[in-house]
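Subject: Structure handover

Hi,

Here is the structure I promised to pass on. Have a look at it first, and then read on for what turned up.

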Protein chains: 2
Amino acid sequence: MEHKLEALEKNPIQVADRLFQTMEVLASSGPIGLMDLSGTLGLNKSTVHRILNSLIYMGYVKQNPETAKYSLTFKIWDLANQLLTQNDIVDIARPHLKELVAKCGETVHLVQVDGLKAVYIDKVESYTNSVRLVSKVGKSIPLYCSGVGKALLAEMSPADAKAIWDKSEIQKLTEHTITDYQALQERLSQVRKQGYALDDEENELGVRCIAACIKDYKGKPKYAFSISAPVNRMSDERISELAVAVLETQKKLEAEWN
Amino acid sequence: MEHKLEALEKNPIQVADRLFQTMEVLASSGPIGLMDLSGTLGLNKSTVHRILNSLIYMGYVKQNPETAKYSLTFKIWDLANQLLTQNDIVDIARPHLKELVAKCGETVHLVQVDGLKAVYIDKVESYTNSVRLVSKVGKSIPLYCSGVGKALLAEMSPADAKAIWDKSEIQKLTEHTITDYQALQERLSQVRKQGYALDDEENELGVRCIAACIKDYKGKPKYAFSISAPVNRMSDERISELAVAVLETQKKLEAEWN
DNA sequence: AAACATAGTTTCATAATATGAAACACAAAA
DNA sequence: TTTTGTGTTTCATATTATGAAACTATGTTT
């Protein structure tokens, strides 16, 4: 069994591209007319019309009977949600993450490894504080420059971690972002020693995180969670305090999940 | 400009059906092999292989290099999330809903009308109580048998409300579900008098809700929000208390949104 | 080791499908 | 009225997707 290595140079199904491009445009534009769509897609209006009817037929698009404009329905959410419910970690982790939020009053995230990134699969927000962190279930964050990412990288085999680093587009997102592999490795060994990882405004200025990963029964890092808060609430002392709670939660999660 | 009224009897693009069916199977099955997929879809394996490669090309599917199994990536979430960020109500409502949760300690939902249903577009959970309500952003609930639904129906034109009732598949979900149009109308006029709607275990046994709708500047009901809780925490007295907070929140939201 | 079985992958002649120019229908604007 | 700008429908044609069959790699049985 040999599995393809090189990427395809063109989509083997032309309409597929057109279908999804149409959905993507609809997602970002909101209700839009046929001509506009045809223009932005660079396709003949008949073609777009047919594509839209196909999407309507399947329930992913609707047309406003008054304005004749087209827009997406909420059906993609079914797909998206199913993707999450597949994995039972969300349900298992929930109560523990809530407990963590209740204890520390800060927002907690749960992520899953997905290639070079960590995808947010759950989020428990504290409603007692008013600072809004821009994060959403389904969004992703690079592994090399996030707390959860480093928690995960630290527990991977050195080869895997190196491979991810090499494939990642290393960008200096803030002045604190690590852009040197040597430096990262030092941090990772520190993470292994401490059991938790930190994000010191490496991804976004003004935000510090403390994170820990969740390994499966084989010892492979699969998920991670973090507490994020603005720097003014994240002094080094506070981090030492939170670290205790984080390690406790990690222990419980790994025990219950496996 | 005449807009199509009758539904198409078949998909004008055959592959479209196949593409999305493939995604739906992948969503519910999790990682799956080519032969299994080919079997469940009833398609030739070459065809499925091509479809999968197309989806991989676009980034919606990935193949595990070790097991050769196919599964969805998290890319559909980009589409799904964009659908929400289009509408600024979520961001506007957030702080007010959080305040409401902080005040009453129960889970609060925000919904949007979508045809015959109300779709959850946001949710603020209370982490102090441990009862889990099964609801998720992106899921939907029929208008005729939910608190938010009745809050919305009450503010629609009688014709619109009737049309939705007629098109809905009325089912007795619990012993309290309203299945008679006359009865619904009486409830709706009560809702209009009080300014808020109730769901008295009409959708799910053991759960009561109090809800109010948010109208746009034209007076059209667009969104609604609700407080849900198990019956034992939702006595009639408690509801009277919560009603005050709900009406207050409604007022603020309508003022800020328009 | 050899033969077999079972996965995924690739090829290619052919049938089936998507394409888009053009005609059409309707509404609003000139 | 005429014109302009929508969305809709049609249809000959080129293009595209199709799936049977051949192929390859891996694991299993003889």
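Let's start inside chain A, where Asp236(A) and Arg208(A) pair through their side chains in a salt bridge, 3.1 Å from N to O. One thing to keep in mind as you read is that this is a predicted model. Asp236(A) sits in helix H9 (residues 236-257) of chain A and Arg208(A) in strand S7 (residues 207-215), so the bridge ties together parts that are 28 residues apart in sequence. Arg208(A) counts as buried, because its relative accessibility is 11% and the cut-off for buried is under 20%.

Chain B has some pairs of this kind too. Glu248(B) and Lys103(B) meet in a salt bridge at 3.4 Å, N to O. That one links distant parts of the chain: Glu248(B) belongs to helix H9 (residues 236-257) of chain B and Lys103(B) to helix H5 (residues 89-104) of chain B, 145 residues apart. Are these two buried or exposed? Glu248(B) is partly exposed, with a relative accessible area of 38%, and Lys103(B) also counts as partly exposed, at 48%.

Then there is Arg238(B), which forms a salt bridge with Glu106(B), with the closest N and O atoms 3.2 Å apart. Arg238(B) is in helix H9 of chain B, while Glu106(B) is in the loop between H5 and strand S3 (107-114) of chain B, so this pair ties together parts 132 residues apart in sequence. Both Arg238(B) and Glu106(B) are buried. Some bridges also share partners: Arg94(A), Lys98(A), Asp122(A) and Glu125(B) are joined that way into one network. Over all chains, the search of the whole structure finds 28 salt bridges.

Now for where the two protein chains meet. How many residues of each chain are in contact? The count is 67 residues of chain A with 67 residues of chain B. Between them the chains bury about 6,300 Å², and 63% of that is on carbon and sulfur atoms. On the chain A side, Phe74(A), Trp77(A) and Tyr127(A) supply 14% of the area buried against chain B, more than any other three residues.

There is charge pairing here as well, with 6 salt bridges across the interface of chain A and chain B. Lys62(B) and Asp114(A) form a salt bridge, and their closest N and O atoms are 2.6 Å apart. Between the chains, 16 residue pairs are in polar contact. Elements that give two or more residues to the chain A side include helix H1 (14-29), helix H3 (45-58) and helix H5 (89-104) of chain A. By class, that side has 32 nonpolar, 17 polar and 18 charged residues.

Last, the DNA. Which residues come nearest to DNA strand D? Of the 25 residues around the strand, they are Gln14(A), Leu34(A), Tyr70(A), Asn44(B) and Ser46(B). Ser46(B) has a polar side-chain atom 2.6 Å from a base nitrogen of DNA strand D. The phosphates are met from chain A: a phosphate oxygen is 2.9 Å from a side-chain N or O atom of His49(A), and a phosphate oxygen is 3.3 Å from a polar backbone atom of Pro12(A). Of the atoms of DNA strand D within 4 Å of the protein, 72% belong to sugar or phosphate and the rest to bases. The surface near the strand has 10 nonpolar, 10 polar and 5 charged residues.

Cheers

Definitions and conventions: Residues are numbered from 1 along each chain as its sequence is written. Chains are lettered from A and ligands numbered from 1 in the order in which they are written. This is a predicted model: local features need pLDDT of at least 70, side-chain atom pairs count only at pLDDT 80 or more; totals for chains, interfaces and linings use all residues. Side-chain values use heavy atoms; hydrogens and water are left out. Contact means heavy atoms within 4.5 Å. Buried area is the accessible area (1.4 Å probe) that two parts lose on being put together, summed over both. A salt bridge is a side-chain nitrogen of Lys or Arg within 4 Å of a carboxyl oxygen of Asp or Glu. A polar contact is a pair of N or O atoms within 3.5 Å; within protein, one must be able to donate a hydrogen and the other to accept it, and residues adjacent in sequence count only if both atoms are side-chain atoms. Helices (H or I, at least four residues) and strands (E, at least two) are DSSP runs, numbered from the N terminus. Ala, Val, Leu, Ile, Met, Phe, Trp, Tyr, Cys and Pro count as nonpolar, Asp, Glu, Lys and Arg as charged, and the others, Gly among them, as polar. A residue is near a molecule or strand if one of its heavy atoms lies within 4 Å of it. Buried means under 20% relative accessible area, exposed over 50%, partly exposed in between (1.4 Å probe, protein chains only).
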